[in-house]
Amino acid sequence: MSFDLVVWALNNTDMPDDVRAANDRCARGEHPQRPADPRVVAFYDALTSHYPDRGPRATQAGSPWASAPLHAAADHIHMRLDENCPDVVLETIERLAGELNLDLLDLQDGTVYPPPVKSS
């Protein structure tokens with residue numbers, strides 16, 4: 001069984017319900033027509049440099065992806081992960097989301113993990 005995570009580039013003041021609402025809009029096929037958020041681009045580039053979502057490596061044994069390529073939009077990346085996905089992949093996703101100030105949505109239970117608060 002696979003599981004899904006989505007990173008979202010929303011405003012720092014958005015609440016978990018805002019993230020879930022944005023995801024619901026995506027599920028209905030409603031995507032903003034705007035340039036890609038640089039945080040989303042950086043996340044995708046960094047993640048897929050380690051774990052490609054295209055080409056032969058994306059579908060071979062040991063790939064973390066249950067479905068590839070990843071769903072990439074201007075404001076989010078949806079990842080369907082294989083149930084045997086190594087913990088290091090999840091740790092990489094969490095780390096990159098935090099570093100790039102992205103919300104992380106766990107679609108299994110609807111939990112939203114906001115980016116860490118940066119101290120001054």
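This passage walks through the overall fold of the protein and then through a handful of its residues.

The model described here is predicted. The protein contains 4 helices and 5 strands, and read from the N terminus these elements follow the order β-α-α-α-β-β-α-β-β. The radius of gyration is 14 Å, close to the 14 Å that the globule rule gives for 120 residues, so the protein is as compact as a globular protein of that length. Measured out along the principal axes, the C-alpha trace covers about 40 × 35 × 30 Å.

Burial and contacts fill in this picture. Of the 120 residues in the protein, 41% are buried. When contacts between residues at least 6 apart in sequence are considered, 62% of them link residues at least 24 apart. The surface that the protein exposes comes to about 6,900 Å², and 52% of that area is supplied by carbon and sulfur atoms. As for charge, the protein carries 10 positive and 19 negative charges, and the mean positions of these two sets lie 5 Å apart.

The cysteines can be taken next. The structure holds 0 disulfides. Cys 26 has a relative accessible area of 12% and is therefore buried, since the limit for burial is under 20%. Cys 85 also counts as buried, because its relative accessibility is 8%.

Two backbone features deserve a closer look, and each of them falls in a loop. The peptide bond that runs from Ala 68 to Pro 69 is cis, with omega near 5°. Pro 69 belongs to the loop that joins helix H3 (56-59) to strand S2 (71-72). The other feature concerns Asn 101, a residue other than glycine whose phi is positive, near 60°. Asn 101 sits in the loop between helix H4 (87-99) and strand S4 (103-106). With a relative accessible area of 21%, Asn 101 is partly exposed.

The loop between H3 and S2 also holds Ala 66. This alanine has 40% relative accessibility and so counts as partly exposed. Leaving aside residues up to four places away in sequence, Ala 66 touches Ser 2, Arg 80, Leu 81 and Asp 82. Val 7 is 59 residues from Ala 66 along the chain, and the C-alpha atoms of the two are separated by 17 Å.

Helix H1 offers two residues for comparison. Pro 16 is found in helix H1, and so is Ala 27, with the helix covering residues 16-27. Pro 16 has a relative accessible area of 32%, which means that this proline is partly exposed. Ala 27, by contrast, counts as exposed because its relative accessibility is 67%. Pro 16 and Leu 104 stand 88 residues apart along the chain, yet their C-alpha atoms are separated by 9.7 Å. For Ala 27 and Ser 49, 22 residues apart along the chain, the separation of the C-alpha atoms is 27 Å.

Ala 27 also serves as a reference point for Pro 52: these residues are 25 places apart along the chain, and their C-alpha atoms are separated by 24 Å. Pro 52 is placed in the loop between helix H2 (38-50) and H3. Its relative accessibility of 18% falls under the 20% limit, so Pro 52 counts as buried. Beyond residues up to four places away in sequence, the contacts of Pro 52 are with Arg 57, Ala 58 and Trp 65.

Taken together, the loops described here contain residues with different degrees of burial: Pro 52 is buried, whereas Ala 66 and Asn 101 are partly exposed.

How values were computed: Residues are numbered from 1 along each chain as its sequence is written. This is a predicted model: local features need pLDDT of at least 70, side-chain atom pairs count only at pLDDT 80 or more; totals for chains, interfaces and linings use all residues. Side-chain values use heavy atoms; hydrogens and water are left out. A disulfide is a pair of cysteine sulfur atoms within 2.5 Å. Buried means under 20% relative accessible area, exposed over 50%, partly exposed in between (1.4 Å probe, protein chains only). The radius of gyration is taken over C-alpha atoms; the globule rule is 2.2 Å times the number of residues to the power 0.38. Contact means heavy atoms within 4.5 Å. Accessible areas come from the Shrake-Rupley method with a 1.4 Å probe; for residues, only the protein chains shown count as cover. Lys and Arg count as positive and Asp and Glu as negative; His and the chain ends are not counted. The place of a charge is taken as NZ of Lys, CZ of Arg, CG of Asp or CD of Glu.
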